[in-house]
Amino acid sequence: MFKIDRNQGPGSPGRRRRAPNSESAVDDVQQLHEEKGKKWFTEMNAVNPKLLPGMQTDVEVSDIIAKRKTDRHDFILLNTTAFGKVLVFDGTIQITQKDCWTYYEMSTHLPLTCHPNPRKVLIVGGLDGSGLAKEILKHESVESVDHVEDDEEMVNLLKKHFHASGFDYDNPKFKYHPVDAKKFLKLHQGEFDVIISDFSVPPRTYQMLLNVPLSVR
């Protein structure tokens, strides 16, 4: 379970501390709690406490759909009363069933309309890739969409439990590659018209992956 440590020292709101022999840091953060007979999830910027200081988000939870821990992420999928299914990585909400379409649209149509003739598109990350792929394939010029995400277990969990977009994974224009993105890009340099990178990593990792300088403001 999740519980908020309200007695943390200055400058450490929501900071995770993994207990010895714990099965999941999800249990350590304990952001799931009950209040007046209702279950709540509280987000307190576990990934970057300095991003939104002095702010937290609470959502009412009906049940936990799935939960797992890997070397990179603590993953939890919740059913909520306000947003439907909600995906949480490392204590931070990533996307919700109710409003995910806004993210998918902004992440795809803007870059695609900036290209004169996008035919081959690559998605790097993007969870199971379905939401982004559905929007990308609305562009008639697109001939193929390749999706690279090496966490195949996470992709399969989302295909089974989340799948908010209703995308057809058997679409002949779509292909999923469960491989390392950096290695994939080295093998396919110059093959794609548009590359959409969408995953939760620090800016330095983006720079290492794409081998281009980034301006972070």
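**Stop 1: a hairpin**

Select threonine 80 and glycine 84. Threonine 80 stands opposite glycine 84 in β5. This is a predicted model, so treat each stop as a computed picture. Now show strand β4, residues 74-80, beside β5. The two pair in the antiparallel sense over six bridges. They form a hairpin, with three residues between them.

Stay with β5, residues 84-89. How many of its six residues are buried? Five of them are, so the strand is largely enclosed by the rest of the structure. In a regular strand the side chains alternate between the two faces of the sheet.

**Stop 2: the next hairpin**

Add strand β6, residues 92-96. It pairs with β5 in the antiparallel sense, over four bridges. Click valine 86 and look across: threonine 96 in β6 stands opposite. β5 and β6 form a hairpin with two residues between the strands. Pick aspartate 90 in this hairpin: its phi is positive, near 50 degrees.

**Stop 3: two rings**

Show the side chains of the aromatic residues. The protein has five aromatic pairs. Zoom to phenylalanine 75 and phenylalanine 89, whose ring centres are 5.8 Å apart. Their planes meet at 50 degrees, so the pair is tilted. A tilted pair has planes neither under 30 degrees apart nor over 60. Which strands hold these rings? Phenylalanine 75 lies in β4 and phenylalanine 89 in β5, so the pair ties together parts that are 14 residues apart in sequence.

Are these two residues buried or exposed? Phenylalanine 75 counts as buried, at 2% relative accessibility. Phenylalanine 89 is buried too, with a relative accessible area of 6%. The cut-off for buried is under 20%.

**Stop 4: the six-stranded sheet**

Zoom out and colour the strands. You will find an open sheet of six strands, in the order β1-β2-β3-β4-β5-β6. Its pairing is antiparallel. Which strands stand at the edges? They are β1 (32-35) and β6. Each has a single partner strand, so one side of each is left without a neighbour in the sheet. From one strand to the next, the twist averages 45 degrees.

Go to the β1 edge. Four bridges join β1 to strand β2, residues 38-43, and the two run antiparallel. Select histidine 33: its bridge partner is tryptophan 40 in β2.

Next, show helix α4, residues 152-161. It packs on the sheet and touches β3 (57-69), β4 and β5. The direction of α4 makes about 125 degrees with that of β3.

**Stop 5: the loop at lysine 36**

Return to the loop between β1 and β2, where lysine 36 lies. Its phi is positive, about 55 degrees, although lysine 36 is not a glycine. Lysine 36 is exposed, with a relative accessible area of 81%.

**Stop 6: the four-stranded sheet**

Hide the strands seen so far. Another open sheet has four strands, in the order β9-β8-β7-β10, with parallel pairing. The edge strands are β9 (174-177) and β10 (194-198), and each pairs on one side only. Neighbouring strands here are turned by 15 degrees against each other on average, direction ignored.

Select strand β8, residues 144-148, and β9. They run parallel, joined by four bridges. Valine 145 stands opposite phenylalanine 174 in β9.

Now add helix α2, residues 100-113. It packs on this sheet, touching β7 (120-125) and β10. Its direction makes about 155 degrees with that of β10.

Follow the chain into the loop between β7 and α3 (130-136), where leucine 127 is found. Leucine 127 has a positive phi near 55 degrees, and it is a residue other than glycine. Its relative accessible area is 18%, so leucine 127 is buried.

**Stop 7: charges over rings**

Select Phe167, Tyr169 and Phe174, which form one aromatic cluster. What sits over the ring of tyrosine 169? The charged end of lysine 159 does, 4.7 Å from the ring centre. Then find phenylalanine 192: the charged end of lysine 120 sits over its ring, 5.5 Å from the centre.

**Last stop: the whole protein**

Show everything. The protein has six helices and 10 strands. Of its 217 residues, 41% are buried. Switch on the surface: the protein exposes about 12700 Å², and carbon and sulfur atoms supply 51% of that.

Methods: Residues numbered from 1 in each chain as written. Predicted model: local features only at pLDDT ≥ 70, side-chain atom pairs only at ≥ 80, totals over all residues. Heavy atoms only, no water. Buried < 20%, exposed > 50% of the residue type's maximum accessible area, 1.4 Å probe, protein only. Areas by Shrake-Rupley, 256 points an atom, 1.4 Å probe, with all protein chains shown as cover. Pairing = 2+ DSSP bridges. Phe/Tyr/Trp six-rings, centres within 6.5 Å; stacked < 30°, edge-to-face > 60°. Lys NZ or Arg CZ within 6 Å of the ring centre and 35° of its normal. Axes fitted to C-alpha atoms, helices over the stretch in contact; angles between N-to-C directions. Contact = heavy atoms within 4.5 Å.
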